[in-house]
Amino acid sequence: MLTINFIRENREEAIERLKIKNFNAGKIIDKVLEVDQHRRNTQKTQDSRQAELNSLSKEIGILLKNKDEKQAQTIREKTVRLKEEIKELNIKSSQIQAELNELLVQIPNIPHKTVPPGIGAESNQLIRSGGNIPEFEHKALPHWDLAKKYNIIDFELGNKITGAGFPVFKGKGARLQRALINFFLDENEKAGYIEYLPPLMVNEESAHGTGQLPDKEGLMYTVPSDNFYLIPTAEVPVTNIYRDVILNSNDLPVRNTSYTPCFRREAGSYGKDVRGLNRVHQFDKVEIVQIQHPEKSYETLEEMVSHVENLVNMLGLPYRIVRLCGGDMGFTSALTYDFEVFAAAQEKWLEVSSVSNFESYQANRMKLRVREQDTKKIIPAHTLNGSALALPRIVAALLENNQSEKGIKIPDILIKYAGFDCIS
RNA sequence: GGAGAGAUGGCCGAGUGGUCUAAGGCGCACGCCUGGAGAGCGUGUUACCGCCAAAAGCGGUACGCGGGUUCGAAUCCCGCUCUCUCCGCCA
């Protein structure tokens, strides 16, 4: 979240820049400042009363040591009213603090200066593209038909076992998933990322830490009996490793990678683009997470983008990279690049990765900080993450783009992982 | 699931009602010593909030978490979480 100090000192700038995200912040920010003023006034009174009581207590201690029972009793009587007052002030100040926090978490992150304005995907900015879009002599089949033809993904079976959006992979289909996961993890490790295999359920605090709560309550599946959430992305557990941690600046950047299944309710997104693997409730993804010094986080973002680009290139998929406009960006992000690959039968660009710099927004929420080696100062860290990569749409594009009468050609780089070069 | 023990700073560990942010040790930083290093000696070593233009300074908070008793709680009481040991169950 944005800190109260930042808002206090940058009211105008915050309001102005949040407009890029189509967020009208004026009202809430003024409310925040008002509550903050109230909070500080209350604390001032509270602190001085508490100091009074503390010194009286010390006095009593000394008097009793000197066996002056009578004088001690006199002072004791003086504390009665003071105690009541302090109790009331305590209640009041925790109410105010709660009110302030509730307001602060409702304010989204401030977009980076390069974020273009706009409402939706049509305003996103094309950064670059690569790869070749294949051409077919005959009509190409969409991946859901290919999946059936080669018997590698069974969507109906998923309906039976769980419900819509839970595909079942089998045979070479399952094996291809495993190949992609291993390929991505290996490449990430080569690039210096440490592999983690985290819990797939997280508690409420973790969900707050990375900002899924309270903003995206409907996004996650819940486990009410134990108050857990199924992770919508490995970002949640892997970033929360560092909740309440002060890292030494020498230890930066932290680079982690993690394969996990991801669970998303996708409430409200029924209808369009949900066929086949385009949008599912459970999918596999390999994530990269970095924690970096604030001065270097944008270099790191570019580096992560190149890394992901390299992966897409190795798979031989036609892709484009876009910089998201304010309206298309996430609540917690300061700058996001999306990767889209072209699925040649659907003739659609499918999002396969989203690489973001959250600056200190998540770090503030989860109290993730850095102790600077030279100045010894403690400052909030910057967090970044991205998919490297999300599997379903990669698979959709691979199937559609690599199809021929002979079957589906597996990209060379994947053959040693898959153990076959063709699905036929 | 049943029974018991425990949770203190970066780490180990003392502290069962009073100036305790908390002994001692380890670690770390700086200084002295040394040709250099080590040993030794000395000094220092939590974070957050408020007041102040700022620094200094002052005040407040924090001993797993949340309540309570008390003028005063690391210490006493209640609830919760987690860890360990034993028993049961189990991949």
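The following dialogue asks how several descriptions of this predicted model are justified.

Biologist: What makes Arg39 and Ser57 count as residues near RNA strand B?

Modeller: A residue is near the strand if one of its heavy atoms lies within 4 Å of it. There are 21 residues around RNA strand B, and Arg39, Gln43, Ser57, Ile62 and Arg371 come nearest. Of the atoms of RNA strand B that come within 4 Å of the protein, 71% belong to sugar and phosphate.

Biologist: Why is the approach of Ser57 to a base called a polar contact?

Modeller: The cut-off for a pair of N or O atoms is 3.5 Å. A backbone N or O atom of Ser57 lies 2.8 Å from a base nitrogen of RNA strand B, so the pair is a polar contact. Gln50 offers a second case, with a side-chain N or O atom 3.4 Å from a phosphate oxygen of the strand. For Arg369, the distance from a side-chain N or O atom to a phosphate oxygen is 3.5 Å.

Biologist: Which elements give two or more residues to the surface near RNA strand B?

Modeller: They are α3 (26-65), α4 (69-104) and β14 (369-371). Helix α3 gives the most, with 14 residues. By class, this surface has six nonpolar, six polar and nine charged residues.

Biologist: How do you know that Asp30 and Arg11 form a salt bridge?

Modeller: A side-chain nitrogen of Lys or Arg must be within 4 Å of a carboxyl oxygen of Asp or Glu. For Asp30 and Arg11 the distance from N to O is 2.7 Å, so the pair meets the condition. The pair links distant parts of the chain, with Asp30 in helix α3 and Arg11 in helix α2 (residues 11-18), 19 residues apart.

Biologist: Why is Asp30 called partly exposed?

Modeller: Buried means under 20% relative accessible area and exposed means over 50%. Asp30 has 35%, and is therefore partly exposed. Arg11, at 26%, is also partly exposed.

Biologist: What makes Asp36 buried, and how is it joined to Arg39?

Modeller: The relative accessible area of Asp36 is 1%, which is under 20%, so Asp36 is buried. The side chains of Asp36 and Arg39 meet in a salt bridge, at 2.5 Å from N to O. Because they are three residues apart in helix α3, about one helical turn separates Asp36 and Arg39. In general, an α-helix has 3.6 residues a turn, so residues three or four places apart point the same way.

Biologist: How do Lys409 and Asp412 stand against these cut-offs?

Modeller: Their closest N and O atoms are 3.3 Å apart, which is within 4 Å, so they form a salt bridge. Lys409 is partly exposed at 45%, whereas Asp412, at 60%, is exposed. Elsewhere, salt bridges that share partners join Arg8, Asp36, Arg39 and Arg40 into one network. The structure holds 17 salt bridges.

Biologist: Why is helix α12 described as mostly covered?

Modeller: Eleven of the eleven residues of helix α12 (residues 391-401) are buried. Among them are Leu391, Arg393, Glu400 and Asn401. Each of these counts as buried because its relative accessible area is under 20%.

Biologist: Which residues form a nonpolar patch on the surface?

Modeller: Ile194, Tyr196 and Ile241 form the patch, with about 240 Å² of accessible area together. Tyr196 lies in strand β4 (residues 194-196).

Terms used
Residues numbered from 1 in each chain as written. Chains lettered and ligands numbered in written order. Predicted model: local features only at pLDDT ≥ 70, side-chain atom pairs only at ≥ 80, totals over all residues. Heavy atoms only, no water. Polar contact = N/O pair within 3.5 Å; in protein donor to acceptor, adjacent residues only side chain to side chain. Helix = DSSP H or I, 4+ residues; strand = E, 2+ residues; numbered from the N terminus. Nonpolar A, V, L, I, M, F, W, Y, C, P; charged D, E, K, R; others polar. Patch = residues over 30% accessible without salt bridge, like charges linked within 9 Å, V, L, I, M, F, W, Y side chains within 5 Å. Areas by Shrake-Rupley, 256 points an atom, 1.4 Å probe, with all protein chains shown as cover. Buried < 20%, exposed > 50% of the residue type's maximum accessible area, 1.4 Å probe, protein only.
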